[in-house]
Amino acid sequence: MAKAKKNMVIVESPAKAKTIGKYLGSSFFVCSSMGHVRDLPEKKLSVDVENNFTPEYKIMPSRKKLVSELLADSKKADTIYLASDLDREGEAIAWHLTKALEIPEEKTRRVTFNEITKDAILKAFQHPSPINMAKVNAQQARRILDRLVGYQISPILWKKISKGLSAGRVQSVAVRLIVEREKEIREFKSQEYWKITAELTVAAEDRDKIKDVKNFKALLQKFNNENVEVKNESQSKVIIQELQKAAYIVANVKKQTKRNNAPPPFTTSLLQQQASTRLQFSAKKTMLIAQQLYEGIDIGAEGAVGLITYMRTDSFHISEQALASCRKLIVDVYGENYLPEKPNVHASDKKGTQGAHEAIRPTAAEHPPESIKNHLTKDQYKLYELIWNRFVASQMKPALYAVTDVEIAAGQYTFKAKGRELLFDGHTRVSGHELEKEEQILPPLEKDQRLELIELAPTQHFTQPPPRFTEASLVKTLEKLGIGRPSTYAAIISTIQERGYVKQEKRAFYATELGTLVTEKLIEHFSKIMDVKFTSHMEDELDKIEDEKIEWLNVLREFYDPFKTDLEKATGEMKSVKGTPEESNQMCTLCGKPMVIRWGRHGKFLGCSAFPTCKSTLPLDERGVPAPPETTDQKCEKCGSAMVVKTSRHGKFLACSAYPNCKNTKSLTGETTKVEPTNEKCEKCGSPMVIRFSKRGRFMGCSAYPKCRNIKSLPTGAKCPNEGCGGDLIQRWSKKGGVFFGCSRYPECDYITKELSTTSDATKEDTPA
């Protein structure tokens, strides 16, 4: 096929190749590089710090066969278009391809686009450009900085604490935020206070004048015009006794109309925050689904269509064409009343915003979510609906509210009541009306009007510590402080959990004992690396490299000289926790020897003092107490003893409580002793299929196990990119234990790939394996 076509196009993923391919003529053939093809080898530093930080790039082992195929095709092409993503990572992918494939400069064309639509693709190919080396150098600088920090600090942690630990230029600062919040929470001293709420209504003589009179509530605010603090129950009882005798008179009424302006369209961080809050999606899941929507979804008659613009952006900018399309839709669907006179312009308050980029928006507002729902997975639909609604709402009129603030005198005390009533829904017709705390509609009130007391309600409260970070609030804080960039947040959040430095419970982050220890060591010996302002400064420096304001090698030199000194000091001065293990009062259940407290990559644990002769271990809880196995109501089918939940490096599993006499184990799903139900039936026996858990991850198995041993891989939500296939990509394992993704229609379709998400931003921080 390649022989007859003279123009070669290389993109990152098969899905993107499929969508772009249908817009280009028969003289083009489109190939996928599956992301990066060259990188720094993993087994060594691969950066010559003595020779201008020269990186030692090599073709990645998993890409060697693919590179050979691309090289053969490139020799047959007259022109090669590199159409990787428009950000730094995309530019670096294009540059690495020119080196790996030895593409002459005269044959190279770089094309970028913000959306994968016919107009955008054709326009991009009409205006190719050279590779932007400033972007490439900014990416190289980030990659080398991350490699220097990760590969040179992590070995020190292995020697001083435990093998398998890691540090990262950005991830370690993110962990610091959570660790410091954990300390604030632990040190917080809660204080009691009371609120007194009055339920009131208009006096009897005024009720005939008002239609549908409703009671309303007011909160005690002042005593003798000074803010009142009610510290305990006894004080509240004294105040209530006085208030029960008081006359309640309207002292002041303030009425105003307030505007609630339309929200801006989504940037990457705002999308991650809203998807976390509204859809309970992790940042990683949000970015994976957004990439699927960007690269193209088959929506029937139109075929594969890119449904949203590029999902890595910090800009609120919207193209003129998209604005015109959106404004027309607002008039057609919602009416003229909802359309502002001029398009809404949302200014960013963040420095370094890429104004030439666009916000995340639907590529065609004419594709409302409901119209393509049947072509999307459940999660794709939820995220697309969130993006579509936000974009349309961003160009609608403000919502208008009648807000009334009332002060009510009760002797020497003053109550305050607030009412809010919707006058015009504006953008909230699409974005949703958000209720304010204790929102109510007040009856018509005038100064000096008498009121009747219905009830006084004292309520006890306690001051609360700072809230724990959620994914949404952590993303918001990282962006506010300039730590990392929106394209890196998903990887940061995943990495700090995978390393065992923080954990999530009920969607809130907790710092682990290990995370606290590592953070304290790093702050003591690498204060600059762990400084929030310095980390933000380095991000600014990378932006300046891209803007051609500074040289990338100068940034590396200025960073490395003081860092090298810190490395030398830390190697000799950081105190090891690997010394004499702490004694405990526990005895080994296997050999009878004393158990001792040791440190591992997951924190403290009990290990037998006879190690390595005896390898018995027990987990410790956060208080340093042996964690008793979690009991279940299941019985061991081999010996009849109770089954308990234990933890290994692969996660939680069921084990017989009679161990070591009985070594029976079984898998479980997540953190419960039950499996997750599904709507599928077993094709072998007709029993329901359930989701189970193994050391390799989640999978689907027959509920009639062990009578029926049918198992299947879970779908990933991604479609097979092979033309006309229609299958789903599912996770599989090779004989050597490696993970890859293959088509569910195998052997009819033999498509495989090593990477499901071929995101173009190599955001995973560099730490040696």
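Begin by selecting strands S1 and S2, which run parallel and are joined by five bridges. Before going further, keep in mind that the structure on screen is a predicted model. Within this pair of strands, pick out Asn 7, whose bridge partner in S2 is Phe 28.

**The parallel sheet**

Now widen the selection to take in the whole open sheet, in which four strands are arranged in the order S2-S1-S7-S8 with parallel pairing. At the edges you will find S2 and strand S8 (108-110), and because each has a single partner strand, one side of each is left without a neighbour in the sheet. If you look along the strands, neighbouring members of this sheet are turned against each other by 25° on average, with direction ignored.

Two helices can be added to this view. Helix H2, residues 64-76, lies across S1, S2 and strand S7 (79-82), and its direction runs at about 165° to S2. Helix H1 lies across S1 and S2, also running at about 165° to S2.

Stay with H1, which covers residues 14-21, and colour its buried residues: these are Pro 14, Lys 16, Ala 17, Thr 19 and Ile 20. The elements that cover them include strand S1 (7-11) and strand S2 (28-32), together with helix H4 (118-126), helix H10 (283-295) and strand S14 (304-305).

Then return to H2 and select Lys 65, which lies in that helix. Is Lys 65 buried or exposed? Its relative accessible area is 65%, over the 50% cut-off, so Lys 65 counts as exposed. For a sense of distance, draw a line from the C-alpha of Lys 65 to that of Leu 553: the two residues are 488 residues apart in sequence and 33 Å apart in space.

**Helices H5 and H17**

Next, select helix H5 (residues 133-160) and helix H17 (residues 532-546), whose axes come within 7 Å and cross at roughly 150°. That angle is over 145 degrees, which means that H5 counts as roughly antiparallel to H17. Show the side chains where the two helices meet: Ala 134, Lys 135, Asn 137, Ala 138, Ala 141, Arg 142 and Leu 145 are on the H5 side, while H17 contributes Met 538, Glu 539, Leu 542, Ile 545 and Glu 546. Coloured by class, the residues of this contact divide into seven nonpolar, one polar and four charged.

While H17 is still selected, move to Thr 535, which is found in that helix. Its relative accessibility is 2%, and Thr 535 therefore counts as buried. Leaving aside residues up to four places away in sequence, Thr 535 touches Arg 169, Val 170, Val 173, Gly 482, Ile 483 and Ile 529.

**Helices H9 and H14**

For another pair of helices, select H9 (residues 268-279) and H14 (residues 471-481), whose axes come within 8 Å and cross at roughly 165°. H9 and H14 are therefore roughly antiparallel to each other, and H9 passes H14 in a left-handed crossing. Which residues make the contact? From H9 they are Ser 269, Gln 272, Gln 273, Ser 276 and Thr 277, and from H14 they are Glu 471, Ala 472, Val 475, Lys 476 and Glu 479. By class, this contact of H9 with H14 has two nonpolar, five polar and three charged residues.

**The antiparallel sheet**

Now go to the open sheet of four strands in the order S20-S21-S22-S23, where the pairing is antiparallel. Strand S20 (582-587) and strand S23 (617-619) are the edge strands, each pairing on one side only. Neighbouring strands here are turned by 40° against each other on average, again with direction ignored.

Inside this sheet, select strand S21 (residues 594-600) and strand S22 (residues 603-608), which pair in the antiparallel sense over six bridges. Ile 597 stands opposite Leu 606 in S22. Then add helix H16 (residues 513-525), which packs on the sheet and touches S21 and S22, its direction making about 60° with that of S21.

**The whole chain**

Finally, zoom out until the full chain is in view, with its 18 helices and 35 strands. Along its principal axes the C-alpha trace spans about 95 × 75 × 65 Å. Of the 769 residues of the chain, 48% count as buried. Among contacts in the chain with a separation of 6 or more, 64% are accounted for by residues 24 or more positions apart.

Terms used:
Residues numbered from 1 in each chain as written. Predicted model: local features only at pLDDT ≥ 70, side-chain atom pairs only at ≥ 80, totals over all residues. Heavy atoms only, no water. Pairing = 2+ DSSP bridges. Axes fitted to C-alpha atoms, helices over the stretch in contact; angles between N-to-C directions. Contact = heavy atoms within 4.5 Å. Parallel < 35°, antiparallel > 145°, perpendicular 65-115°, else oblique. Left-handed = near helix turned anticlockwise from the far one by under 90°. Nonpolar A, V, L, I, M, F, W, Y, C, P; charged D, E, K, R; others polar. Buried < 20%, exposed > 50% of the residue type's maximum accessible area, 1.4 Å probe, protein only.
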